[in-house]
Amino acid sequence: TLDVANNARLTATNCAVFSNSKSDKGIEAKDSAVVSASFICSAGGKAGSKWQFDPPPVTDCPQIPDPLKGRPVPDSAGCTYTKLDVRESTELSPGIYCGGLRITKGAVATLRPGVYVIKDGPLIVDGDATLTGEGVGFYFYGDKATLTFAYDSTISLSAPTHGVMAGILILEDRNAEKLREFRIRSDNARVLLGTIYLPNSRLVLDSKRPVADKSAFTVIVARRL
């Protein structure tokens, strides 16, 4: 469930890292990777050297239920925009973005507060583009609705404080295909304030600089991290 490799650092100050996997590698640290938290627990086992975990993981822990299983989801009917490709700096409004949303070519996209439904297509930020918004939540609906924040993108996002997406920054369709990939590769994604909820998918963090380290909190619930 949790796999850290190369020179990765997973730091969860004052928080817990928990794997529900019964595998003997439910938590695995490879190469020079390090996991640090106030508490580390695996329903199965762990793989890695002692120095790669702080504190040492507790194994054979009882599995914990999905904390957001009953959370309602936003309405995804219809389309507000279709295959929107943003190449100039602009403000975007909440709505249903059918066929996905791409921000590229150095554009700065500022999001107005509200819910953004990414439907049947990906959310992509690349080409030295910027995506920023406060009080915004993303609902990914359909098998093709995934996320990629490229290495050269700049990301700063915080979740709504009220409404159906209160406290949730990223939420996926619970009926979507399993083990899709949501990739955060940005070297400038320092603020991701809220809960990232991907119960079916893989969340891949692959950047050279810290991710979400300037957020008051970032909660991750994912099938694989």
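This note goes through the disulfides, aromatic pairs, strand pairing and two loop residues of a predicted model.

1. **Disulfide count and pattern.** The structure holds two disulfides. Counting bonded cysteines along the chain, their pattern is 1-2, 3-4. As background, a disulfide is a covalent bond between the sulfur atoms of two cysteines.

2. **C41 and C61.** These two cysteines form a disulfide, with their sulfur atoms 1.7 Å apart. C41 sits in strand β4 (residues 34-42), and C61 in the loop between β6 (53-54) and β7 (81-86), so the link ties together parts that are 20 residues apart in sequence. The torsion about the S-S bond is about -110°, so this disulfide is left-handed. Are the two ends buried or exposed? C41 counts as buried, at 2% relative accessibility. C61 is buried too, with a relative accessible area of 8%.

3. **C79 and C98.** Here the S to S distance is 2.0 Å. The torsion about the S-S bond is -90°, and the link is left-handed. C79 lies in the loop between β6 and β7, while C98 belongs to strand β9 (residues 95-103), so the pair ties together parts that are 19 residues apart in sequence. C98 counts as buried, at 8% relative accessibility.

4. **The cysteine without a partner.** C15 is in no disulfide. Which cysteine sulfur is nearest to C15? That of C41, and it is 15 Å away. The cut-off for a disulfide is 2.5 Å between sulfur atoms, so a separation of 15 Å does not qualify. C15 is partly exposed, with a relative accessible area of 41%.

5. **Aromatic residues.** A search of the whole structure finds six aromatic pairs. Y139 and Y141 have ring centres 6.1 Å apart and planes at 50°, so the pair is tilted. Tilted is the class left between the cut-offs of 30 and 60 degrees, so 50° falls inside it. The two tyrosines can be set side by side for burial. Y139 is buried, with a relative accessible area of 3%, whereas Y141 is partly exposed, at 30%. There is also an aromatic cluster, formed by Y81, Y97, Y116, F138, F140 and F182.

6. **D126.** This residue lies in the loop between β12 (123-125) and β13 (130-133). D126 is buried, with a relative accessible area of 15%. The cut-off for buried is under 20%, so 15% meets it. Which side chains make polar contacts with that of D126? One is R102, at 2.9 Å. Another is T104, at 2.8 Å. Leaving out residues up to four places away in sequence, D126 touches R102, I103, T104, K105, A150 and D152.

7. **P113.** P113 lies in the loop between β10 (108-111) and β11 (114-119). At 59% relative accessibility, P113 counts as exposed. The cut-off for exposed is over 50%, so 59% passes. P113 and V136 are 23 residues apart along the chain, yet their C-alpha atoms are separated by 5.0 Å. With neighbours within four places in sequence set aside, the contacts of P113 are P94, E134, G135 and V136.

8. **β13, β16 and β19.** Strands of a sheet pair through backbone hydrogen bonds, either parallel or antiparallel. β13 pairs with strand β16 (residues 154-158) in the parallel sense, over four bridges. T130 stands opposite T154 of β16. β16 is also joined to strand β19 (residues 188-205), again by four bridges, and the two run parallel. S156 has V191 in β19 as its bridge partner.

9. **The β1-β3-β5 sheet.** Three strands form an open sheet in the order β1-β3-β5, with parallel pairing. Which strands stand at the edges? They are β1 (2-4) and β5 (46-47), each with a single partner strand, so one side of each is left without a neighbour in the sheet. Strand β3 (residues 27-29) pairs with β5 over two bridges, in the parallel sense. E28 has A47 in β5 as its bridge partner. The cut-off for pairing is at least two bridges, so the two bridges of β3 and β5 satisfy it.

How values were computed. Residues are numbered from 1 along each chain as its sequence is written. This is a predicted model: local features need pLDDT of at least 70, side-chain atom pairs count only at pLDDT 80 or more; totals for chains, interfaces and linings use all residues. Side-chain values use heavy atoms; hydrogens and water are left out. Rings of Phe, Tyr and Trp (its six-membered ring) pair if their centres lie within 6.5 Å; planes under 30 degrees apart count as stacked, over 60 as edge-to-face and the rest as tilted. Buried means under 20% relative accessible area, exposed over 50%, partly exposed in between (1.4 Å probe, protein chains only). A polar contact is a pair of N or O atoms within 3.5 Å; within protein, one must be able to donate a hydrogen and the other to accept it, and residues adjacent in sequence count only if both atoms are side-chain atoms. Contact means heavy atoms within 4.5 Å.
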